[in-house]
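Student: I'd like a close look at just one part of this model, the surface beside the DNA. Please walk me through what lies there.

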Amino acid sequence: MFVPYSELDVDLCVSSGQVFRFHKTGEGWIGIDGSDVVTARRVQGGWEVSESGRELFQLQISLCDIERRILERSGELAKRLGRFRGLRVLKQKYAHETLFSFLCTPNNNLNRIVPMVRHLGSYGNEICDGLYEFPSIERIAEIPENELRKAGFGYRARTIPNVARQVLARPERWLTSLRTMPYKEAHSSLCEIDGIGPKVADCVCLVGLWHTEAVPVDTHLWQAACDLYFPEWKGKSITQNRYDAVGNLMREKFGELAGWAHQYLFYERILDYRKGKHVYSQT
DNA sequence: CCCACACCGATT
DNA sequence: ATCGGTGTGG
């Protein structure tokens, strides 16, 4: 299906830290959602996206409409909406892929996260050349710690299979059942698992459980929030209370679109961060 | 309730 | 020393 640039920027979507297993091709991107191959290629005026990408990119939702609703609630994001037009919240089919992907992210950077998530993916069925369906929770639970350590997972080599075992100890379909309960309940249920903190839980809520009001507060969003809303907290650390305050304020301002709104603030910081590092390394 | 620290490992 | 957190301890 054809989607105009004003509605979709695949480059932004797949490099915004929501998914980690998309590969650049000559004309666009290829990746997996659930058991489906998703492709996107640049065409005149926009993107040609495979039918399988409709759900991942939420193409049935009008981005124009989302932008309008965000601006109606609060105008301060206007310039970011323009700067990052086409950025969308993604909606992954396998909640466990979202969960175990984001368990690779704490205290980490994209240069390590991407190979780590790809490594996890390689335990799944190969769908087509070099593209793997994400492995089952059962499969992840039985990966030996030293195997992941050898692959550079560090201490996450222990926590990842450990989280898998804790999920398996819960009722069948526990993780996906969190999709149909209120955001707050889903979030606190996730946090009960040893190894899942509030930040990872919010990432899973947003991308894997489709709770659009989830606001993951990492150091980048934290800084953006301090600049915009909590100047008195600049330079301070993120405590449990401040974490909640940021998310709650975003939800107060943007309602069920808080997760979408957060994405623009987050991406802006990430860009500045990457740019800063680049400039620094050139000097 | 807030802060300090360890944890892996790549980069500064 | 710093980092796209989390768990533990004071």
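Tutor: Let's go through the surface near DNA strand C step by step. The model is predicted, with local features needing pLDDT of at least 70 and side-chain atom pairs pLDDT 80 or more, while totals for chains, interfaces and linings use all residues. Residues are numbered from 1 along each chain as written, chains are lettered from A and ligands numbered from 1 in written order, and side-chain values use heavy atoms, without hydrogens or water.

Around DNA strand C there are 21 residues, and N107, L110, G195, V200 and T219 come nearest (near: a heavy atom within 4 Å). Three helices, α12, α13 (219–228) and α15 (258–282), each supply at least two residues of this surface (helices: DSSP runs of H or I, at least four residues, numbered from the N terminus). By type, the surface has nine nonpolar, eight polar and four charged residues (Asp, Glu, Lys and Arg are charged; Ala, Val, Leu, Ile, Met, Phe, Trp, Tyr, Cys and Pro nonpolar; the others, Gly among them, polar).

Now turn to the DNA side. Of the strand C atoms within 4 Å of the protein, 62% belong to sugar or phosphate, and the rest to bases. Polar contacts (N or O atoms paired within 3.5 Å) reach each of these parts. T219, already met among the nearest residues, has a polar side-chain atom 2.8 Å from a sugar or linking oxygen of strand C. At K199, a polar backbone atom is 3.2 Å from a phosphate oxygen. For the bases, look at Y155: a polar atom of its side chain lies 3.3 Å from a base nitrogen.

Terms used. Polar contact = N/O pair within 3.5 Å; in protein donor to acceptor, adjacent residues only side chain to side chain.
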